[in-house]
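This report introduces selected features of one protein model to a reader who has not met it before. The sequence and structure are shown first.

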Amino acid sequence: MPRPRVLVLGLNYAPEQTGIAPYTTGMASGLAEDFDVEVVTAYPHYPEWRVPEGYGGWRSVEDIGGVRVHRVRHYVPSNPTGLSRILSEAAFTARAVAPGVSRPDVIVTVSPALAPVAAALALGRRWRVPVGVVVQDLYSKAFSELGLLGGRLDARVHRFERSLLRRASGVVAIHERMAEVITRDFDVPRSDVTVVPNWTHVSLPTGDRDRRRRELGWDDGRFTVVHAGNMGAKQGLEHLLPAARLLDEAESPVRLVLIGNGGQRVALEELGGGIRSLEFMDALPSATFMDTLAAADALLLHEKPGMKEMCVPSKLTTYFAAQRPVVAVTEPESAAAHEVRVSGAGVLVAPAQPGQLVESLRRLSLADGDEMGAAGLQYARRELSARMAVERYVAWVSSLLSGKR
């Protein structure tokens with residue numbers, strides 16, 4: 001008897017290593033143990049917002065971990081502002097709606113991009129198959145909480161997202177807090193929402209921590225705080241600069257290191273020019289990434305003020321695996337704040353409060369960072385297991401196939 005066919009439709013996939021790509025990739029490869037899985041995605045482009053060399057043509061097909069991956073070329077803006085990002089997603093949708101794959105038995109699509117969700121629902125109607133939506137970020141919450149396009153489209157985008165989620169055969173939220181918001185603000189019955197947390201997808205550090213600190217020049221007695229990953233609007237890292245200036249003024253022995261790329265990096269480097277406490281590093285290869293995080297004294301999660309409901313930062317799962325204390329600059333009602341509180345892995349700081357952040361860093365430099373780091377790893381092993389997530393995705397897809405949500 002042939003295995004059920006699953007089509008996964010989403011903008012981001014391996015070899016992208018940050019954001020939602022590792023989770024879509026892990027979900028697809030996990031589902032492939034029980035189903036025949038094909039993926040329709042874009043050429044890799046995030047967070048650099050450019051397609052790397054080696055990817056040519058309008059379409060390509062490759063095998064990644066036993067999953068057949070169909071790629072389509074789409075418009076990739078060099079400066080992904082609100083409008084250009086919408087155009088980018090629309091361009092992908094226009095090409096993805098004719099994916100060149102056989103009729104599946106079920107479609108799984110990944111938000112936050114709404115246009116691909118609309119494409120998946122259109123394909124579902126065409127093929128008369130169920131469509132499930134995995135919500136990594138709530139798109140309309142991003143518009144309202146980040147102030148995109150001056151708030152002019154907030155209501156329209158919310159209505160559009162609400163209509164898509166209500167038309168889906170089932171919805172996955174990556175956090176209980178997000179599930180509550182989807183039920184409350186998008187009128188999706190709670191029984192139609194399944195919670196599948198993102199998992200720790202990276203390997204644990206394996207190198208010698210002291211040697212890595214020497215290699216990086218972090219063995220000079222300064223307290224080194226690292227932010228790793230995308231530098232975009234959600235992170236609101238421009239609000240970190242006043243704290244860095246306070247550190248300079250106090251001649252505090254604290255080093256803030258921002259590692260990675262993103263749409264805001266150039267502006268941040270320009271605004272942060274001359275700040276001694278602030279350093280930038282390019283994105284690291286996977287071979288040294290986790291050892292570098294483990295070499296830090298603390299790891300920084302930073303969210304734009306006002307962000308409470310749109311997302312659950314994926315970097316937390318990586319930070320927990322690095323076994324270093326987390327400094328979470330986030331609203332107290334956010335999912336990120338909840339994760340840091342229940343894990344005991346770090347400290348919380350209100351956004352846009354530079355004096356409070358500086359004082360929290362001073363106190364953390366005197367605390368037992370190893371104990372907090374160990375608590376984060378224990379929490380990840382207990383609550384953020386990849387195997388547990390895959391089992392939940394398999395059960396969810398099976399329920400879509402059977403008509404039971």
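How do the residues of the lining of the second largest pocket divide into nonpolar, polar and charged? In this predicted model, the lining comprises 10 nonpolar, five polar and four charged residues.

**The second largest pocket**

The volume of the second largest pocket is about 300 Å³. Nineteen residues line this pocket, and Ile174, His175, Pro197, Glu339 and Leu384 are the closest to its centre. Two or more lining residues are contributed by each of helix H11 (315-322), helix H12 (335-343), helix H14 (369-383) and helix H15 (386-402). H11 gives the largest share, three residues.

**The six-stranded sheet**

H11 also leads to the next feature, as this helix lies across strand E9 (223-228), strand E12 (298-302) and strand E13 (326-329). Relative to E12, H11 runs at about 170°.

These strands belong to an open sheet of six strands with parallel pairing, in the order E11-E10-E9-E12-E13-E14. Strand E11 (278-281) and strand E14 (346-349) stand at the edges; each has a single partner strand, so one side of each lacks a neighbour in the sheet. On average, neighbouring strands of this sheet are turned by 25° against each other, direction ignored.

At one end of that order, E11 is joined to strand E10 (residues 254-259) by four bridges. Within this pair, Ile259 stands opposite Met281 in E11.

**A hairpin**

An antiparallel pair is formed by strand E3 (residues 59-64) and strand E4 (residues 67-72). E3 and E4 make a hairpin with two residues between them. Ile64 faces Val67 in E4, and Gly65, in the turn, has a positive phi of about 60°.

The two strand pairs described above are set out together here.

| Strand pair | Bridges | Direction | Residues opposite each other |
|---|---|---|---|
| E10 and E11 | four bridges | parallel | Ile259 and Met281 |
| E3 and E4 | six bridges | antiparallel | Ile64 and Val67 |

**A pair of packed helices**

Two packed helices are described by the angle between their axes and the distance between the axes. For helix H3 (residues 114-127) and helix H5 (residues 154-167), the angle is about 35° and the axes lie 10 Å apart. The crossing of H3 past H5 is left-handed. On the H3 side, the contact is made by Leu114, Val117, Ala118, Leu121 and Arg125. H5 contributes Val157, Phe160, Glu161, Leu164 and Arg167. By class, the contact of H3 with H5 contains seven nonpolar and three charged residues, with no polar residue.

Notes
Residues numbered from 1 in each chain as written. Predicted model: local features only at pLDDT ≥ 70, side-chain atom pairs only at ≥ 80, totals over all residues. Heavy atoms only, no water. 1 Å grid on protein atoms, 1.4 Å probe; cavity = no way out; pocket = protein on both sides within 12 Å on 5 of 7 lines; lining within 4 Å. Points joined across faces, edges and corners; volume = space filled by probe spheres on them. Nonpolar A, V, L, I, M, F, W, Y, C, P; charged D, E, K, R; others polar. Pairing = 2+ DSSP bridges. Axes fitted to C-alpha atoms, helices over the stretch in contact; angles between N-to-C directions. Contact = heavy atoms within 4.5 Å. Left-handed = near helix turned anticlockwise from the far one by under 90°.
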